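I opened my notebook today to look up how some helices sit in a protein. Here is what I wrote down as I went.

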Amino acid sequence: MINALSVKVSKTVLLIVGLVNVLILIPLLLLYKHEDAKSLLYSSTAFKKLGQHLDPLMYTSETYRQWGWHLEPANVKFRFTNPMGKSGSPEEVLENNKAVYEAELAKEVTEPKDIDLTDLRPPDKKHIDQYVRANATIIALVRNQEMTSIRRTIRRFEKSFNSKYRYPYTFINDEPFTQRFKDKMAQTTEAPLNFVVIPPELWDKPEFIDVTRESEAMNIMANHNIAYAKKASYHNMCRFYSGTFYNVPELKQFKYYWRIEPNVDFFTDVQYDVLKYMEKAKKVYGFTVNLYDIDETVATLWPETLNFLNQGDNYKYVNPNGAHQWLLENKQNPKKNSVAGGYSTCHFWSNFEIGDMDFFRSEAYSEWFKYLDSTGKFYYERWGDAPVHSIGLALFADKRDIHWFRDLGYEHDPYYNCPNNPKTSRCTAGKFSRWKHLDDQNCMANWFQLSMSSKDTSYFEE
């Protein structure tokens, strides 16, 4: 009697599930083709769980066809769906993308409008010590001999932003800072200063690296004129910023960081607390410049990432609303995509980045970095921290939590982010590079069209 009742109940449950499948899931999949609506749908993990529970085959095949991702154990795959329908030669695509970029940068912007900035205004100088800051620091990986160039950066950064808020600086080096360096920094800012020596285990090349293989790989890259190919400290730096900087003991107390580097410039008189904006708007990452990378330096970064995602239950780490299509784009620079195994090489230029270190400390990012590190390819290739950060963010974060600081004027030679902004001066609005032949390295149009809402509601009213 009990068994018969159980069978009857089970059949009823299956019938209900089937009805829900038809009445809820399929209409949702059909309705939410528009990118903005899809973001709303994917903002909850309920969709992912519901789809897999009701009909795993339909769920995975539909998402792969419609949106280019398929997530199940040992069968994670992605494809570029070309949602904008771009066609023509790379040169024609570039011209179209340049027009998109120029039109977007021509729009006048002021400040973010997605949160109330009242409490983020600069405090009165008399009360600056009582101002409640975000749990954040300004970080600079710099050597003693770069004292003059980092000092130049800090003067510009102080004028633009930090003299109004006095966030602490954390200077990082793999060897001790000289007293002269410390004294010069103290003369440049009134903000608190921390001088940190990186623990060797976070900086040095791992012992398992095959030095013969490394040397051969470096020679090949150098023969191909790849910058810093044979510079061991550069490989260490890329690995450090990719996956260990946030574990420096002196940085563990902080949640957010703003990275600066020698010889960069800031063009905007910022009148809101950018770091507190990150906190209140719940953003995980902020950038200004978005570029293609040197494809040979990351030839196996994406294939190795897929290897990781297809191990065990690592597929669970992928965010369904990630910036996957931006990672996979293959129209403007198809050769790069081909050499990099399906990765566009688009990345956030990390010499300017504002981030939530808890994202990088998360299980998803940490486990992925451990796998990448185990391959040795920070040394056998020249994986940079910028593409590593970018792939990690595009896979594991919701793309709505990645913020383009379109209102902040910035330059790291030869590239710019120069907004049409009344508080920005000394740069030409919409200028991408001082060299026109580098226009094809601009990946921002792809970000606009593949990863942002049709209207940038961070800066423009609904």
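Entry 1. I began with helix α12, residues 301-309, in this predicted model. I looked up its buried residues and found L301, W302, E304, T305, F308 and L309. Where do they point? Seen down the axis of α12, the buried residues fall within an arc of 160°, so they line one face of the helix. I added a reminder for myself: an α-helix has 3.6 residues a turn, so residues three or four places apart point the same way.

Entry 2. Next I asked what the buried residues of α12 pack against. My list has β2 (77-78), α13 (324-328), α16, α17 (377-380) and α18.

Entry 3. Two names on that list, α16 and α18, also meet each other, so to speak, and I looked them up as a pair. Helix α16 covers residues 363-374 and helix α18 covers residues 385-396. Their axes come within 11 Å and cross at roughly 135°. Angles over 145 degrees would count as roughly antiparallel and 65 to 115 as roughly perpendicular, and α16 and α18 are therefore oblique to each other. I noted the crossing as right-handed.

Entry 4. Which residues make this contact? From α16 I wrote down A364, Y365, W368 and L372, and from α18 V388, H389, I391, G392 and F396. Sorted by class, the contact has seven nonpolar, two polar and no charged residues.

Entry 5. Last, I stepped back to the whole protein. I found 19 helices and 14 strands. Of the 462 residues, 56% are buried. Among contacts with a separation of 6 or more, 80% join residues 24 or more positions apart.

Notes: Residues numbered from 1 in each chain as written. Predicted model: local features only at pLDDT ≥ 70, side-chain atom pairs only at ≥ 80, totals over all residues. Heavy atoms only, no water. Axes fitted to C-alpha atoms, helices over the stretch in contact; angles between N-to-C directions. Helix = DSSP H or I, 4+ residues; strand = E, 2+ residues; numbered from the N terminus. Parallel < 35°, antiparallel > 145°, perpendicular 65-115°, else oblique. Left-handed = near helix turned anticlockwise from the far one by under 90°. Contact = heavy atoms within 4.5 Å. Nonpolar A, V, L, I, M, F, W, Y, C, P; charged D, E, K, R; others polar. Buried < 20%, exposed > 50% of the residue type's maximum accessible area, 1.4 Å probe, protein only. Arc of directions from axis to C-beta.
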